[in-house]
Amino acid sequence: MNRVTAQPVAVAWRTDGFAVFDQFVVESLLDPAIADAERAFTAEGRRGAGVRDALRWPALRAIADSPRIQELAANLAGPGASPTRAILFDKSPDANWDVAWHQDTTIAVAAKVDVPGFGPWSVKHGITHVKPPADVLARVATLRVHLDPCPRDNGALLVVPGSHARGFIEHADVPACERDAVCCEAGAGGVVAMRPLILHASRKAAAPAHRRVLHLEFAAGDLPGGLRWATA
């Protein structure tokens with residue numbers, strides 16, 4: 001899909017909880033982003049598989065700020081949506097792992113404020129996180145920007161369509177959902193948009209190569225009780 005078209009995307013977003021956009025990011029942004037991604041992992045000493053606070057790297061920030069990503073975020077999360085969390089992942093021959101079925105159940109906030117319905121709290125790499133009510137997560141859009149091709153055998157994302165509508169899902173209920181999973185393959189420059197509460201997972205790459213993904217979470221609107229979204 002070469003342009004964000006409101007109606008089809010809105011239907012998929014509401015019913016399935018995800019959408020895949022091929023060749024979405026302008027090609028000229030990809031090579032500089034890959035170069036910055038490698039600098040980011042080198043700076044981190046390649047500890048683990050992810051780099052948090054990824055938008056401190058200019059070419060990665062340029063993708064988040066690009067008009068097409070901004071337009072998509074506004075369509076899915078609401079007008080004025082801005083990134084609240086940015087993580088760079090790379091599943092490679094040297095870091096090839098399984099990710100079990102799960103939901104993303106926390107948001108990044110500027111500081112802890114005790115508000116009913118929010119908790120538990122945690123701090124990850126100096127950033128405050130909290131589990132909010134499900135209706136808050138319904139206002140968040142995750143955009144997974146692929147810097148490399150990601151076919152099924154390179155650890156592509158698996159999702160269970162419609163599972164976001166069930167709210168928080170107990171761990172014991174997850175196996176019953178797995179049979180309905182679909183694979184979100186994407187080429188370089190492709191974007192997989194998903195709701196945080198959709199059940200998702202990924203398998204070890206059968207033919208591992210770089211699978212660099214810029215994971216961006218966008219949100220719009222105010223939080224209650226004086227809480228403020230973090231700024232990625």
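Guide: Let's start with two strands in this predicted model. Strand β8 and strand β13 (residues 212-219) pair in the antiparallel sense, over seven bridges.

Visitor: Okay, so which residue in β13 stands opposite Ala141?

Guide: That's Phe218, so to speak the partner across the way: Ala141 stands opposite Phe218 in β13.

Visitor: And which other strand is joined to β8 by bridges?

Guide: Strand β11 (residues 191-194) is joined to β8 by four bridges, and these two run antiparallel. Here you can look for Arg144, which stands opposite Val192 in β11.

Visitor: How many residues of β8 are buried?

Guide: To read that, remember that buried means under 20% relative accessible area. In strand β8 (residues 140-146), seven of the seven residues are buried, so the strand is largely enclosed by the rest of the structure.

Visitor: Which residues lie on each side of β8?

Guide: On one side you find Val140, Thr142, Arg144 and His146, and on the other Ala141, Leu143 and Val145. They are all buried, and both faces of β8 are covered.

Visitor: Let's switch to helices. How are two packed helices described?

Guide: You give the angle between their axes and the distance between the axes. Try helix α3 (residues 58-65) and helix α4 (residues 67-77): their axes come within 5 Å and cross at roughly 50 degrees. That makes α3 oblique to α4.

Visitor: Which residues of α3 meet which residues of α4?

Guide: From α3 come Ile63, Ala64 and Asp65, and they meet Pro67, Ile69 and Gln70 in α4. Sorted by class, this contact of α3 with α4 has four nonpolar residues, one polar and one charged.

Visitor: Now salt bridges. How many does the structure hold?

Guide: The structure holds six salt bridges. When you read one, check which residues pair up, how far apart the atoms are, and where the partners sit. Take Arg39, which forms a salt bridge with Asp36, with the closest N and O atoms 2.6 Å apart.

Visitor: Where do Arg39 and Asp36 lie?

Guide: Both lie in helix α2 (residues 30-43), three residues apart, and that's about one turn of the helix.

Visitor: Is each of them buried or partly exposed?

Guide: Arg39 has 45% relative accessibility and counts as partly exposed. Asp36, at 7%, counts as buried.

Visitor: What does Glu38 form a salt bridge with?

Guide: With Arg212, and the closest N and O atoms are 2.9 Å apart. Glu38 lies in helix α2 and Arg212 in strand β13, so the pair ties together parts that are 174 residues apart in sequence. Glu38 is partly exposed, with a relative accessible area of 25%, whereas Arg212 is buried at 9%.

Visitor: Which other residue forms a salt bridge with Arg212?

Guide: Asp148 does, and here the closest N and O atoms are 2.7 Å apart. This pair links distant parts of the chain too: Arg212 is in strand β13, while Asp148 is in the loop between β8 and β9 (157-159), 64 residues apart. Asp148 is buried, with a relative accessible area of 8%.

Visitor: Which residues do these shared partners join into one network?

Guide: Glu38, Asp148 and Arg212 are joined into one network by salt bridges that share partners.

Methods. Residues are numbered from 1 along each chain as its sequence is written. This is a predicted model: local features need pLDDT of at least 70, side-chain atom pairs count only at pLDDT 80 or more; totals for chains, interfaces and linings use all residues. Side-chain values use heavy atoms; hydrogens and water are left out. Axes are lines fitted to C-alpha atoms, for helices over the stretch in contact, and angles run from 0 to 180 degrees between N-to-C directions. Angles under 35 degrees count as roughly parallel, over 145 as roughly antiparallel, 65 to 115 as roughly perpendicular and the rest as oblique. Contact means heavy atoms within 4.5 Å. Ala, Val, Leu, Ile, Met, Phe, Trp, Tyr, Cys and Pro count as nonpolar, Asp, Glu, Lys and Arg as charged, and the others, Gly among them, as polar. Buried means under 20% relative accessible area, exposed over 50%, partly exposed in between (1.4 Å probe, protein chains only). Two strands pair if DSSP finds at least two bridges between them. A salt bridge is a side-chain nitrogen of Lys or Arg within 4 Å of a carboxyl oxygen of Asp or Glu.
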